[in-house]
Amino acid sequence: MSDRLLTDYAYIFYGSIAEFRYVDFLHILSEKEISRAGKFLLESDKKRYVISRSILKGLLSSFLRVDKNRIEFEYGKNGKPFLRNSTDLQFNISHTGEAFAIGFMLEKEIGVDLESMSTIPNISKLENYLF
């Protein structure tokens, strides 16, 4: 296992896909992943998937010291990806809009969740109703 990560620490990486072109990342993905990307109806969803998945594979490659093209995923019953080859490194990925976050922990499950913030019109009416 990687000597770059410490047990009992969560490592969170975040960023925006806005500055990237997804075609520059396609070489990192497997044929199966490229096929999955092709099924997205919206170009923005395809871009988000390709870029965030490629960054995830790059980080896993660095931590595990294996070629990023050798990293393969399986999926749990709710669609959460995990590494095909058993490892103590756990991860989770979340995205919303153009933002993404990827979390890692050794030997412990981790969850990350990003949500978009929006303005609620007529918030004062809601406050009067609730309080």
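Reader: Why is Asp8 called exposed?

Author: Its relative accessibility is 52%. Exposed means over 50%, so Asp8 counts as exposed. The model here is a predicted one.

Reader: Where is Asp8 found?

Author: Asp8 lies in the segment before β1, and β1 covers 11-16.

Reader: What makes the phi of Asp8 worth a remark?

Author: Its phi is positive, about 70 degrees, although Asp8 is not a glycine. Most residues other than glycine have a negative phi.

Reader: Which value makes Glu107 exposed?

Author: Glu107 has 55% relative accessibility. The cut-off is over 50%, so Glu107 counts as exposed. Glu107 also has a positive phi, about 65 degrees, and is not a glycine. Its place is the loop between β5 and α3, where α3 is 123-130.

Reader: Why is Lys32 called exposed?

Author: Lys32 has a relative accessible area of 65%. Exposed starts over 50%, so Lys32 is exposed. Lys32 sits in helix α1, residues 31-38. Its C-alpha atom is 21 Å from that of His95, and the two residues are 63 apart along the chain.

Reader: How do you know whether Ile51 is buried or exposed?

Author: Its relative accessible area is 0%. Buried means under 20%, so Ile51 is buried. Ile51 belongs to helix α2, residues 43-64.

Reader: Which residues does Ile51 touch, not counting those up to four places away in sequence?

Author: Ile51 touches Ile17, Phe20, Arg21, Tyr22 and Phe25. To be in contact, heavy atoms must lie within 4.5 Å. Glu98 offers a separate distance: the C-alpha atoms of Ile51 and Glu98 are 10 Å apart, with their positions 47 residues apart along the chain.

Reader: Why does Asn92 count as buried?

Author: Asn92 has 13% relative accessibility. The limit is under 20%, so Asn92 counts as buried. Asn92 is placed in strand β4.

Reader: What makes Asn92 and Val112 a polar contact?

Author: A polar atom of the Asn92 side chain lies 2.9 Å from the backbone nitrogen of Val112. A polar contact needs N or O atoms within 3.5 Å, with one able to donate a hydrogen and the other to accept it. The distance of 2.9 Å fits that limit.

Reader: Which residues is Asn92 in contact with, leaving aside neighbours within four places in sequence?

Author: Asn92 is in contact with Lys80, Ala101, Ile102, Gly103, Ile110, Gly111 and Val112. Gly103, in β5, also stands opposite Asn92.

Reader: How do you know that β4 and β5 pair?

Author: They share eight bridges. Pairing takes at least two bridges, so β4 and β5 pair, and in the antiparallel sense. β4 is residues 89-96 and β5 is residues 99-106. Thr96 stands opposite Ala99 in β5.

Reader: How many residues lie between the strands of the hairpin of β4 and β5?

Author: Two residues lie between the strands. In this hairpin Gly97 takes a positive phi, near 55 degrees.

Reader: How do you know that β1 and β5 pair?

Author: There are six bridges between β1 and β5. At least two are needed, so β1 and β5 pair, again in the antiparallel sense. Tyr14 has Ala101 in β5 as its bridge partner.

Reader: What makes β5 mostly covered?

Author: Seven of the eight residues of β5 are buried. Each of these falls under 20% relative accessible area.

Reader: How many helices and strands does the protein chain have?

Author: The protein chain has three helices and five strands. Along the sequence the pattern reads β-α-α-β-β-β-β-α.

Reader: What share of the protein chain counts as buried?

Author: Of its 131 residues, 33% count as buried. The exposed surface is about 9000 Å², and carbon and sulfur atoms supply 52% of it. The C-alpha trace spans about 55 × 35 × 30 Å along its principal axes.

Reader: What share of the contacts joins residues at least 24 apart?

Author: The share is 52%, among contacts between residues at least 6 apart in sequence.

Reader: How many positive and negative charges are there in the protein chain?

Author: There are 18 positive and 18 negative charges. Their mean positions are 4 Å apart.

Key. Residues numbered from 1 in each chain as written. Predicted model: local features only at pLDDT ≥ 70, side-chain atom pairs only at ≥ 80, totals over all residues. Heavy atoms only, no water. Helix = DSSP H or I, 4+ residues; strand = E, 2+ residues; numbered from the N terminus. Buried < 20%, exposed > 50% of the residue type's maximum accessible area, 1.4 Å probe, protein only. Areas by Shrake-Rupley, 256 points an atom, 1.4 Å probe, with all protein chains shown as cover. Lys, Arg positive; Asp, Glu negative; His and termini not counted. Charge placed at Lys NZ, Arg CZ, Asp CG, Glu CD.
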